[in-house]
Amino acid sequence: MVFGQPQFLPLLALALLPLLIHLLARRQRRIVPFSMTKFLREVAQQTQGRRWLRELLLLLLRTGAILFALMALVRPYASISLPLPPAPTAFVLVIDNSLSMQGRSPSRLLGRETWFDRSLKSCERVLKEVGAEVALLAADNPSEPVCDFTSEPSRSLNALRQIRPTFKALDLSPALQTADSLLAQHPAAVKRILVFTDLQSEPFKSMVLPNLKNLLMVVDAKPSEKIGNVRLVAKLRLPLDPNTDGFITVELRNMSNLPLNGNVFAQVAGKNFTRSKVSLGTKEQKVIVLSLPSWALEVANEQSLVEVEIRWESNFDVLSWDDFVKFVFKSPKNLVLINAVREGRQFIDAALKATEPTQKITHYASRITPDTEAIIASAPTDSETARQLVDWLRKGKKALIVADSLNSPIWSILDLSVRPRQSVRKERVHWVDESHPILRGLGSSLQSVTAQPFAIVSGSNLKALVTLGDGTAFLAELAVGSGECLLLTVPLNSQQSDLVYSPAFVPLVHRFVRFAAYGHELSTREEEIEPQANLGNSTVVPKSESDFRLPSHNEIANKLQKLGGTLVTADQLPTALLSEAKLRDLTSLCLFLAFLCLLIEAIFTFVLWRRAR
């Protein structure tokens, strides 16, 4: 038996008042001598048994009336098969809306619905079929209920439809503690915490549950069949040389306890250009390399963007959000370049037209437009152009600046010192940093170049990429905000350098333009948002959010049972929930019995009074 208001249980002692009054009313008999008592004794012996029975019945009726009245105040509930109203119940439904709940069953018989959708359908059945006051909690906002306790299904259903899945892993422990505290303040007799989850989130993965005062029922949203999941992460190495292929490095990691077979394919503009079949063992990781043909860089959309997508497909993979990566970059055939070199502009134009004649080259521009991908320019002589160029660099852009002016205001803006070179003797290139993508493989060609630098540029953040025999920097690199600036200390004319006639000049210009437009490698980064691809940027979900290493269903059920919880499937609701709440409210029965005792006691007293007359 359960009591709805146990604080009134001590008042049940008041039911002893009739007995106490009866005992106090009994007086000790006094023997008084009286003549002719023979007939009086005979009468007393005849009526003594009936009088004791009448007093016992009256005492029981009065005690029962008080006892049942006090029991109604305590509000008792018991599991009895009588047509009585059910005991008031209160449930808190905790909805797991983490990323893994968007997994889909591989079986077509289940309609390919997500586990989150299955959980919402089960919640709707509970709200419609179980007469109880229900509160709703979403795992991503455990501090505030989505809907407070209400017995109106329409209100709770509207609140349920407002819950949306997230793209991050969640810990359900705070939501369980909030649900437990909400039930502690509710006067219902039957209290349950219902958690709709796929058991991928804490505390169910570790089975270290918080201390809960109310019973816990876990609803497994997954189907009974085996599930698997593979996480895909990729890097795209773009070619910096014309007519050469790039490649894609794909990392596949089996996050589940199920061996999986599938295919990895890459596509551009929605058409596959490479495919590879992969077999992954339990928790196995593999790295495969796919070729990126040069013609794929020319398949651009109306915005001159190339979209390369790498995708994993398997019949038993349940989570699709970590099965694909998309890269977006500007087509090298449609780059916008500003050529503002004072000396040697014709050499830059010739080098670009020799490799990619469809590039948009602007010689003179009053301002730098947002769609400009690369700039090759002399050091600006006016402060407005210098500030505009530096602001453009700080936005993550790249420019090649020829240091052919000692008085350019850009040097002070970049915190560089520039002084003229005293020696007029030409020096040969001595060292080339071939670890830089632009210079890779050009060391031997550049070492045949001789140059007479116009100026010596120095700064604390300046890094030399190519140096001459006397140690003077020929080509240097400088980080400007999130952008990058390359400094060439030699004007592009044949009098001061033979660079423009070197076999390294055309590849150097071509590589710089491509490097400025999209770099040489695009990689993904983890974000707790929906995977998306922007220009030069792509995201994937974090590894922890796609981990599907699950113990067996029976193992989880046994652990929950030891902790006082129950594990059911989404298909077993609300039948399992109703079987847990068969208590009946005995308050009306107690009031009826109290009234019946009073009525019988009144009738019995009236009959005795009539006989006494």
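Two strands pair if DSSP finds at least two bridges between them. Helices (H or I, at least four residues) and strands (E, at least two) are DSSP runs, numbered from the N terminus. The model is predicted: local features need pLDDT of at least 70, side-chain atom pairs count only at pLDDT 80 or more, and totals for chains, interfaces and linings use all residues. Residues are numbered from 1 along each chain as its sequence is written, and side-chain values use heavy atoms, with hydrogens and water left out.

**View 1. Strand 6 beside strand 7.** Strand 6 (residues 190-197) and strand 7 (residues 215-220) run parallel, joined by 6 bridges. L194 stands opposite M217 of strand 7. Strands of a sheet pair through backbone hydrogen bonds, either parallel or antiparallel.

**View 2. The open sheet.** In this sheet, 6 strands follow the order 5-4-3-6-7-29, with mixed pairing. Strand 5 (147-150) and strand 29 (565-569) are the edge strands, and each pairs on one side only. From one strand to the next, the twist averages 20°. Angles run from 0 to 180 degrees between N-to-C directions; axes are lines fitted to C-alpha atoms, for helices over the stretch in contact.

**View 3. Helices on the sheet.** Contact means heavy atoms within 4.5 Å. Helix 4 (residues 153-160) packs on the sheet and touches strand 3 (89-95), strand 4 (133-138) and strand 5. The direction of helix 4 makes about 160° with that of strand 5. Helix 11 also packs on the sheet, touching strand 7 and strand 29. The direction of helix 11 makes about 150° with that of strand 29.

**View 4. Aromatic pair W115 and F548.** Rings of Phe, Tyr and Trp (its six-membered ring) pair if their centres lie within 6.5 Å; planes under 30 degrees apart count as stacked, over 60 as edge-to-face and the rest as tilted. The count comes to 5 aromatic pairs. W115 and F548 form a tilted one, 6.0 Å centre to centre, with 55° between the planes. W115 lies in helix 3 (residues 115-129) and F548 in the loop between strand 28 (537-540) and helix 11 (553-562), so the pair ties together parts 433 residues apart in sequence. Both W115 and F548 are buried (under 20% relative accessible area; exposed is over 50%, partly exposed in between; 1.4 Å probe, protein chains only).

**View 5. Aromatic pair F329 and Y518.** The ring centres of F329 and Y518 are 5.6 Å apart and the planes are at 65°, so the pair is edge-to-face. F329 sits in strand 14 (residues 324-330) and Y518 in helix 10 (residues 505-518), 189 residues apart. F329 is buried, at 1% relative accessibility. Y518 is buried too, at 7%.
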